[in-house]
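Please examine the model below with attention to its aromatic side chains and its bound ligand. The paragraphs that follow take these topics in turn.

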Amino acid sequence: MSTSERPAPRPSILEISAYVPGRSHAPGVAKVHKLSSNESPLGPSPKAIEAFRALATSLEFYPDGSATALREAIGRQYGLDPSRIICGTGSDELISLLAQAYLTPGDEAIYTTHGFLVYRIATLAAHGVPVIAKETSYTADVDAIIGAISPRTRIVFLANPNNPTGTYIPYSEVRRLQAALPPHALLVLDAAYAEYVRRNDYEAGIELVATTENVVMLRTFSKIHGLAALRIGWMYGPEHVIDTINRIRPAFNVNAAAIATGVAAIADTAHVERAVTHNEKWLAWLTQQLTALGLEVTPSVGNFILIHFPAEQGKTAKDADEFLLKGGLVLRALSAYHLPNALRMTVGTEEANRLVVSALSEFLGREARRG
Ligand SMILES: *Cc1c(COP(=O)(O)O)cnc(C)c1O
């Protein structure tokens, strides 16, 4: 049957490789430690779980289509005007809606070499043209992004910190980028990991959103709040962008369980603090231990690390991945990110972190350092 005899999608859609999420199983292993999708090893706040359970008695009702309670809770937490917040089915949905709203066919969206893969998918799905700006030492390079700007640039996607590299750029660099953008180009600051960052020169971008007309900031409940299953993301933006996205978003995009659970989660600041403290400790420990094994680890400010394997010494990421899987340790392979010799590891529970270090020590044929 020729393809003209059946419905055909727009041509650019066939250029898209479907997103492949991190693996969640290790065949034949009783206990699995999933360290492949940057999920929280602490899980959600007990109060969030309670709020989720309570919703079971009112499932027949449509949710509030504008997620008012959740926007107000976010506004209270960050001191933001709720009318300039919009919630999404994960920040993934907001990325797609932004691309749909601001790209006409042939318009360009810039992101960096190892930028989050969803930017490419959203751009192509909206008939846009992905433009890749080179990184320096696995880090976004503002001069390279500025150099990639053309008359057709309409969006710049910047994950800060970036996934899968874990690196960040200081706020002064984000401001320099915004100042160099043409006013009709939208800067999308994806701050999915902002809560984990412990650096004085870092800002998620709230002030830049508040003081300009072409910057939005994306946040998520999937990482620090441990609610990836519920798909809750949000955006803070200028009034005109919020108005635009409200016109095209699905009417009930955030479900009632997500709204109720999100409200409880964001109020539990003690739980968020526990997650940050856990991460700070084990991120440093993992980085130090893996470096001591002779592995190169890209310095990370997120809740995950990028581990590079010495393929030239016959120790490939692929072999390491298979070795770890046998012990129930599921990391993230990164060939889709053009990092075939690296694995991304989420900072896990103490047990999982220690198991990975001893397994990698065994894989590399060395003794684990005590600590
Ligand atoms: C995990 C992640 C998100 C969050 O996605 P959700 O759809 O909110 O789960 C967004 N951006 C980056 C860079 C991420 O790593």
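Across the whole structure, which is a predicted model, a search identifies 11 aromatic pairs. One of the pairs joins Y78 and W234, whose ring centres are 5.4 Å apart. Their planes meet at 45°, and the pair is therefore classed as tilted, since an angle over 60 degrees would be needed for edge-to-face and one under 30 degrees for stacked. Y78 belongs to helix α2 (residues 68-78), whereas W234 belongs to strand β8 (residues 232-236). The pair therefore ties together parts that are 156 residues apart in sequence. The two partners can also be described by their accessibility. Y78 has a relative accessible area of 26% and is partly exposed, while W234, with a relative accessible area of 2%, is buried.

A second pair consists of W282 and W285, and its geometry is edge-to-face. Here the centre-to-centre distance is 5.1 Å and the angle between the planes is 70°. Both residues lie in helix α10 (residues 269-292), and because they are 3 residues apart in that helix, about one helical turn separates them. W282 and W285 are both buried.

Aromatic residues also occur in a larger grouping: Y19, Y111, F116, Y119 and F157 make up one aromatic cluster. Of these names, F116 will appear again in the surroundings of the ligand.

Two further rings are accompanied by charged side chains. The charged end of K315 sits over the ring of F363, at 5.3 Å from the ring centre. In the other case, R344 lies over the face of F304, and the distance to the ring centre is 5.9 Å.

Attention may now turn to the ligand. The residues around it are G90, S91, D92, F116, N163, D190, A192, Y193, T220, S222, K223 and R231. F116 is thus found both in the aromatic cluster and around the ligand.

Several polar atoms of the protein approach oxygen atoms of the ligand. For S91, a polar backbone atom is 2.7 Å from a ligand oxygen. For D92, a backbone N or O atom lies 3.0 Å from an oxygen atom of the ligand. K223 contributes through its side chain, where a polar atom lies 3.3 Å from a ligand oxygen. How much of the ligand does the protein bury? Taken alone, the ligand exposes 380 Å², and the protein buries 94% of that area.

Note on methods:
Residues are numbered from 1 along each chain as its sequence is written. This is a predicted model: local features need pLDDT of at least 70, side-chain atom pairs count only at pLDDT 80 or more; totals for chains, interfaces and linings use all residues. Side-chain values use heavy atoms; hydrogens and water are left out. Rings of Phe, Tyr and Trp (its six-membered ring) pair if their centres lie within 6.5 Å; planes under 30 degrees apart count as stacked, over 60 as edge-to-face and the rest as tilted. Helices (H or I, at least four residues) and strands (E, at least two) are DSSP runs, numbered from the N terminus. Buried means under 20% relative accessible area, exposed over 50%, partly exposed in between (1.4 Å probe, protein chains only). A charge sits over a ring if NZ of Lys or CZ of Arg is within 6 Å of the ring centre and within 35 degrees of the ring normal. A residue is near a molecule or strand if one of its heavy atoms lies within 4 Å of it. A polar contact is a pair of N or O atoms within 3.5 Å; within protein, one must be able to donate a hydrogen and the other to accept it, and residues adjacent in sequence count only if both atoms are side-chain atoms. Accessible areas come from the Shrake-Rupley method with a 1.4 Å probe; for residues, only the protein chains shown count as cover.
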